Amino acid sequence: MSLFQPVLSEKNAADAIYSKVIPAGEGWMHDLLPGQTLRIVDMEGNQAVDTLFYSTEDPGDRYSAVRTITRQQNVYLTTGSVLVAESGRELLKITADTCGRHDTIGGACSAQSNTVRYSHDTLPMHNCRDTFMLMLSGRSEYTKRDLAPNVNFFMNVPVTPEGELTFADGISGPGRYVELTAVAPVTVLISNCPQLNNPCNAYNPTPAQVLIWDAEGGGADV
Ligand SMILES: [Zn+2]
């Protein structure tokens with residue numbers, strides 16, 4: 001595995017047109033215009049930010065982990081990665097990254113996966129799938145069918161030589177961030193993971209911050 005080189009953003013928080021803290025366990029849904037840049041900040045470190053992307057113009061065309069992985073020949077995402085939809089349409093490009101480890105194959109936690117991975121008494125615990133469903137239910141163009149394998153920003157899910165997934169300790173730290181510039185009109189759906197059973201977020205879910213910059217003067221380079 002090559003050594004990770006952080007790529008810093010040149011954007012200033014003071015120039016952002018939007019800023020919001022997503023508390024641990026809560027969701028966020030927002031549209032981006034082409035050229036706008038979204039920064040997701042792991043405020044306290046070791047958080048997992050489960051994220052899905054949709055074409056705003058064609059909500060049925062959503063982020064495809066398979067197409068994205070195939071296109072870049074790498075299961076991990078970092079600066080330069082282009083996130084691609086099922087149709088092959090380019091949705092966003094990662095333009096800065098100070099964490100270097102973002103999972104594309106671990107999926108979102110759900111009541112079902114919690115009981116399989118941990119124990120049956122986790123069944124009623126709050127999970128990302130519930131948050132995704134709650135957020136999608138606020139928009140008529142989306143249904144349960146629009147849930148798909150998501151990106152877990154800041155989550156460390158190493159793939160072993162045998163091809164198995166391991167949920168390892170997070171390697172992110174306080175203030176680390178990833179920035180994505182929209183290539184097309186994109187709807188972003190986030191579940192700031194409430195998971196209490198997993199070392200990925202140190203058994204302690206924490207808030208994430210989202211900031212958005214317009215293309216003008218922001219130096220967006222798509
Ligand atoms: Zn989760």
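1. The sheet. Six strands make up an open sheet, arranged in the order β1-β10-β3-β8-β6-β5 with antiparallel pairing. The strands at the edges are β1 (18-22) and β5 (82-84); each has a single partner strand, so one side of each is left without a neighbour in the sheet. From one strand to the next, the twist averages 20°. The model under discussion is a predicted one.

2. The β5 edge. Three bridges link β5 and β6 in the antiparallel sense. In this region V84 stands opposite E90 of β6. Helix α1 (residues 65-72) lies across β5 and β6, and its direction is at about 140° to β5.

3. The zinc site. Three cysteine sulfur atoms serve as the protein donors of the zinc ion: C109 (SG), C128 (SG) and C193 (SG), at 2.2 to 2.3 Å from the ion. Along the chain these donors follow the spacing C-x18-C-x64-C. C109 belongs to the loop between β6 (90-97) and α2 (111-117), while C193 belongs to the loop between β9 (186-192) and β10 (208-213); the pair therefore ties together parts that are 84 residues apart in sequence. For a computational treatment of the site, it should be kept in mind that water is not among the atoms, so sites may look incomplete.

4. Burial of the loop donors. C109 counts as buried because its relative accessibility is 7%, under the 20% limit for that class. C193 also counts as buried, at 6% relative accessibility.

5. Helix α3. The donor C128 is in helix α3 (residues 128-136), where it is buried, as are T131, F132 and L136. Viewed down the axis of α3, the buried residues fall within an arc of 130°, so they line one face of the helix. This agrees with a general property: an α-helix has 3.6 residues a turn, so residues three or four places apart point the same way. The cover over the buried residues of α3 includes β2 (27-32), β4 (49-55) and β9. At the start of α3, a side-chain oxygen of N127 comes to within 3.1 Å of the backbone nitrogen of R129.

6. D146. Is this residue, D146, buried or exposed? With a relative accessible area of 8%, D146 is buried. D146 is placed in the loop between α3 and β7 (151-153). The side chains of D146 and R62 are joined by a polar contact of 3.3 Å. Leaving aside residues up to four places away in sequence, D146 touches Y54, P59, G60, R62, L136 and E141. One of these, L136, is also among the buried residues of α3.

Methods: Residues are numbered from 1 along each chain as its sequence is written. This is a predicted model: local features need pLDDT of at least 70, side-chain atom pairs count only at pLDDT 80 or more; totals for chains, interfaces and linings use all residues. Side-chain values use heavy atoms; hydrogens and water are left out. Donors are N, O and S atoms within 2.8 Å of the metal (3.2 Å for Na, K and Ca); water is not among the atoms, so sites may look incomplete. Helices (H or I, at least four residues) and strands (E, at least two) are DSSP runs, numbered from the N terminus. Buried means under 20% relative accessible area, exposed over 50%, partly exposed in between (1.4 Å probe, protein chains only). The arc is that of the directions from the helix axis to the C-beta atoms. Contact means heavy atoms within 4.5 Å. A polar contact is a pair of N or O atoms within 3.5 Å; within protein, one must be able to donate a hydrogen and the other to accept it, and residues adjacent in sequence count only if both atoms are side-chain atoms. Two strands pair if DSSP finds at least two bridges between them. Axes are lines fitted to C-alpha atoms, for helices over the stretch in contact, and angles run from 0 to 180 degrees between N-to-C directions.
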